[in-house]
Amino acid sequence: MDFSNRDVVSIRDFGKEDILHVLDQAGKAMPVARGERRSDVLEGKILANLFFEPSTRTRLSFETAMLRLGGSVIGFADASGTSVAKGETLADTVRMADSYADAIVLRHPMEGAAKLAADFSSKPVINAGDGAGQHPTQTLLDLFTIKMEKGEIADNNIVLVGDLKYGRTVHSLTYALSLFGANITCVAPPTLQMPPEIVSHLKGVGGRFNQSESLESVIPGADVLYVTRIQKERFPDPEEYRKVEHAYRIDNALLANAKRSLIVMHPLPRVNEIAPEVDSGPYARYFKQAFYGVPIRMAILSLILGKGEM
Ligand code: NCD
């Protein structure tokens, strides 16, 4: 299992053992992530954060992870202040970052952008979201959250709800869960269901999978409720968005029939799909989940750029 200088373009590049190794390393990174212990294993290393789409957690947690390990960060949170505004291509922007930094984190609206960047860069490229494609490091932190909060990933009833068509987090997560033998239920309006190629992959590997439109009916059996935002920016037609923007809302009344041990996750940002009253209840894990992005990204960066030590 050699992670050194490896690209992280798709979660499908990772086997189950690879994933478990990253989660294990993230567990070891916890004291450093919390600021209780110092580490300088990435001293002298530079990370380039290239964000062509909005981000709060992904960009800041990569930055935090790098700084907590003694490394440095360059980059941009908005391409409008860069030469992209003058018409520079993604390939040329990536070539520049490649010559300044030791690794590149890229978020871009075009599906396949991270793969393209990896082809143009000699340095490792980490996909921080490519359009409606994938978001592999989010999946690693989602799996870490399930492991930390539920003990095991296997055999949980995991309900994915919301925009399963355009939501890249649920695409990567479904592929990864298919390695762990979790039971997946997809709840979405018919127009926003999981892409057929992902469903057939899941069925092809013998995954336990079903689809529903009714959230109420699946809540009592759920161990993990993974809520997603309707991805407004990806709808070609604003009218289509308006038809589904209020499709699901998680509130205390809906959760009244849930198992006591249910956990509610969300990659964030949320818009209106989880009522604020849920935040202070026993089920909410989404803010903790966002924190877990720091140890997970420390684990990934130290494995790719260092010796995996923390
Ligand atoms: C997600 C994303 O960018 O795909 N956010 C994140 O990275 N935590 C989810 C979203 O934007 O809805």
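Me: Where does the ligand sit?

Reply: The ligand sits in the largest pocket. A pocket is an open set of points, on a 1 Å grid over the protein atoms alone, where a 1.4 Å probe fits and protein lies on both sides within 12 Å along at least five of seven lines. Sitting there requires that more than half of the molecule's atoms lie within 2 Å of the grid points. This is a predicted model, in which local features need pLDDT of at least 70, side-chain atom pairs need pLDDT 80 or more, and totals for chains, interfaces and linings use all residues. Residues are numbered from 1 along each chain as its sequence is written, and side-chain values use heavy atoms, with hydrogens and water left out.

Me: What makes the pair between Thr58 and the ligand a polar contact?

Reply: A polar side-chain atom of Thr58 is 2.9 Å from an oxygen atom of the ligand. The term covers N or O pairs within 3.5 Å, so this pair qualifies. A polar side-chain atom of Gln138, 3.2 Å from a ligand nitrogen, also meets it.

Me: How much of the ligand's accessible area does the protein cover?

Reply: The protein covers 93% of the 320 Å² that the ligand has on its own, by the Shrake-Rupley method with a 1.4 Å probe.

Me: Which domains supply the shell around the ligand?

Reply: Domain 1 (11-135 + 293-304) and domain 2 (136-290) each give at least three residues; the bounds come from an automatic or database domain assignment.

Me: How do you know that the bond between Leu268 and Pro269 is cis?

Reply: Omega is about 5° there. Most peptide bonds are trans. Pro269 and Leu268 are among the residues surrounding the ligand, that is, with a heavy atom within 4 Å of it.

Definitions and conventions. A polar contact is a pair of N or O atoms within 3.5 Å; within protein, one must be able to donate a hydrogen and the other to accept it, and residues adjacent in sequence count only if both atoms are side-chain atoms. On a 1 Å grid over the protein atoms alone, a cavity is a set of points where a 1.4 Å probe fits but cannot get out, and a pocket is an open set with protein on both sides within 12 Å along at least five of seven lines; lining residues have an atom within 4 Å of a point.
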